[in-house]
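Visitor: Could you take me through one part of this protein in close detail? I would enjoy a connected account of a single helix and its surroundings.

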Amino acid sequence: MFSVIDLITLAQLPSIGPARLRALVSHFGNPSAVLEAGVREITGVEGISRKVARSMCQFIRGGGLDTARSYAERQLTKMERVNGHILTCWDDGFPDLLKRIYDPPPFVFLRGKLNDADADAVAVVGTRRPSPYGAAMAERFAEELAGAGITVVSGLARGVDTIAHSSALKSGGRTIAVTGSGLDVCYPPENRNLFESICKSGAVITENEMGAGPDAANFPRRNRIISGISLGVVVIETD
């Protein structure tokens, strides 16, 4: 059985970034088996040195596992409070396009639902301060894409992103927001109603932990997910 708690726990181990996490779970078949493995077994995984394997085992055997598991449990509790769930790259419902990008996230936090129609998605993004012409073009592109049955993807930011999501919803279409903060942190705060509307009819996705604020470093990584789940990206003006 694939344990999400063990997956989040494993992600807390020293020297375990997304690439190593994917390699370990793919090699052993599930995160629980990784946590039970020894140094020799872990060293057999591509990209895992003996030094890293030893550090992992020392962390697990030295009591660090309890701290990591407690953290994972708190994350799941916070996620459940907002009716979220976790989608892993080993799940059938994980977007196929996202699996193909460089350094895909091993898992994402999700509110709402993804469906088969989201395989046909186009991102509409741009400046937070669009000109009147840019705002009109963002609205037009989003409305026409949504009207054609294309899922509109954007980042929930002020300006073009907000216009794209709102216009897609107004047209009765689907839209997906990929955020640079935790699933329980709406940014910008004035988009709370829009955020909730997207959750009801589409989906909000993030790879950031619950409680994470909109730190500047989160947004470049957020952008790779926006492009990763989209067949193409329409940029409406830039700063």
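Guide: Let's look at helix H9, whose buried residues in this predicted model are Leu194, Phe195, Ile198 and Cys199. Looking down the axis of H9, you find these buried residues within an arc of 140°, so they line one face of the helix. The other side of H9 carries Asn193 and Lys200, both of them exposed.

What does the buried set of H9 pack against? The partners are helix H8 together with three strands: E2 (107–112), E5 (175–178) and E6 (203–206).

H8 deserves a closer look among these partners. This helix covers residues 160–170, while H9 covers residues 192–201. A packed pair of helices is described by the angle between the two axes and by the distance between them. For H8 and H9, the angle is about 50° and the axes lie 11 Å apart. That angle makes H8 oblique to H9. As for handedness, the two helices cross in a left-handed sense.

Now to the side of each helix that takes part. From H8 come Thr162, His165, Ser166 and Leu169, and they meet Leu194, Ser197, Ile198 and Ser201 of H9. Sorted by character, the residues of this contact are three nonpolar and five polar, with no charged ones. Two of the H9 residues in the contact, Leu194 and Ile198, also belong to the buried set of that helix.

If you step back along the chain from H9, the loop between E5 and H9 holds proline 188. Here the backbone has a feature worth pausing on: the peptide bond from tyrosine 187 to proline 188 is cis, with omega near -5°.

While we are on the backbone, two residues elsewhere may interest you as well. Serine 15 has a positive phi of about 70° although it is not a glycine. Serine 15 sits in the loop between helix H1 (4–11) and helix H2 (18–28), and with a relative accessible area of 43% this serine is partly exposed. The other residue is glutamate 237, again not a glycine, with a positive phi of about 60°. You will find glutamate 237 in the segment after strand E7 (232–236). Its relative accessibility is 29%, and glutamate 237 therefore counts as partly exposed.

To return to where we began: H9 turns Leu194, Phe195, Ile198 and Cys199 inward as its buried residues, and Asn193 and Lys200 are exposed on the other side.

Note on methods: Residues are numbered from 1 along each chain as its sequence is written. This is a predicted model: local features need pLDDT of at least 70, side-chain atom pairs count only at pLDDT 80 or more; totals for chains, interfaces and linings use all residues. Side-chain values use heavy atoms; hydrogens and water are left out. Axes are lines fitted to C-alpha atoms, for helices over the stretch in contact, and angles run from 0 to 180 degrees between N-to-C directions. Helices (H or I, at least four residues) and strands (E, at least two) are DSSP runs, numbered from the N terminus. Angles under 35 degrees count as roughly parallel, over 145 as roughly antiparallel, 65 to 115 as roughly perpendicular and the rest as oblique. A crossing is left-handed if the near helix is turned anticlockwise from the far one by less than a right angle, and right-handed if clockwise. Contact means heavy atoms within 4.5 Å. Ala, Val, Leu, Ile, Met, Phe, Trp, Tyr, Cys and Pro count as nonpolar, Asp, Glu, Lys and Arg as charged, and the others, Gly among them, as polar. Buried means under 20% relative accessible area, exposed over 50%, partly exposed in between (1.4 Å probe, protein chains only). The arc is that of the directions from the helix axis to the C-beta atoms.
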